[in-house]
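Me: I'm new to this one and would like to know how its parts got their labels. Could you walk me through it?

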Amino acid sequence: MAFEDLLEDPVIQKYLHELVGPKGMPVAAAPPDGEVTDEELAEELDLELNDVRRALFILYENDLASYRRLRDEDSGWLTYLWTFEYDNIPENLEEEMYRLHDALEERQEYERNHEFYLCEICSIRFEFGEAMDFGFECPECGSPLESMDNDRLVNAMDERLEALEEELNIDGADA
């Protein structure tokens, strides 16, 4: 898939934005063909060199960019030539989805296996043990803590897990 096709996908745009942030997005969204230096990118995109370098390093850490170093014979200075490798984006997104799935399963298990109490005034949630330690009174305002029903949250997690499992083509019982 060509860079242009990938970059038109809103999911991929969001993924890149989450990685590099708003200051790095111009770098991620404008991958040149072939090799380019960080200085060339900064000048071409009218960005601060440090913002360009930060974005390039984040892309490198996520296997979306690579570089090769050249040493100037006269000055000894190193020049980094960057290449964008967006072919790895679909694989990276799939790994992110698996991590999300695992984290969501873990959180759902936590929600199912704990009893919670809520201060309706402060909107602070406590586990049973914490609520008991405070005598079932909010430590902030002194209001009584009410038993909290988290069934809607657990059900929403069920739905999200089912959607992820369908997308990842995994069996919920095996996951």
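Reply: Sure, starting with a strand pair: β3 (residues 116-119) and β4 pair in the antiparallel sense over four bridges. This is a predicted model, where local features need pLDDT of at least 70, side-chain atom pairs count only at pLDDT 80 or more, and totals for chains, interfaces and linings use all residues. Residues are numbered from 1 along each chain as its sequence is written, and side-chain values use heavy atoms, leaving out hydrogens and water.

Me: What makes β3 and β4 a pair?

Reply: Two strands pair if DSSP finds at least two bridges between them; β3 and β4 have four bridges, so they count as paired. Strands here are DSSP runs (E, at least two residues), and helices are too (H or I, at least four), numbered from the N terminus. Within the pair, F116 stands opposite E127 in β4.

Me: Why are β4 and β5 said to stand at the edges?

Reply: The open sheet runs in the order β4-β3-β5, with antiparallel pairing. β4 (124-127) and β5 (146-148) each have a single partner strand, so one side of each has no neighbour in the sheet.

Me: Which helix lies across β3 and β4?

Reply: That's α5 (residues 89-112), running at about 75° to β4. Axes are lines fitted to C-alpha atoms (for helices, over the stretch in contact, meaning heavy atoms within 4.5 Å), and angles run from 0 to 180 degrees between N-to-C directions.

Me: What domains does the chain's assignment give?

Reply: Domain 1 (3-84) and domain 2 (90-168), with bounds from an automatic or database domain assignment. Their centres, taken over C-alpha atoms, are 38 Å apart.
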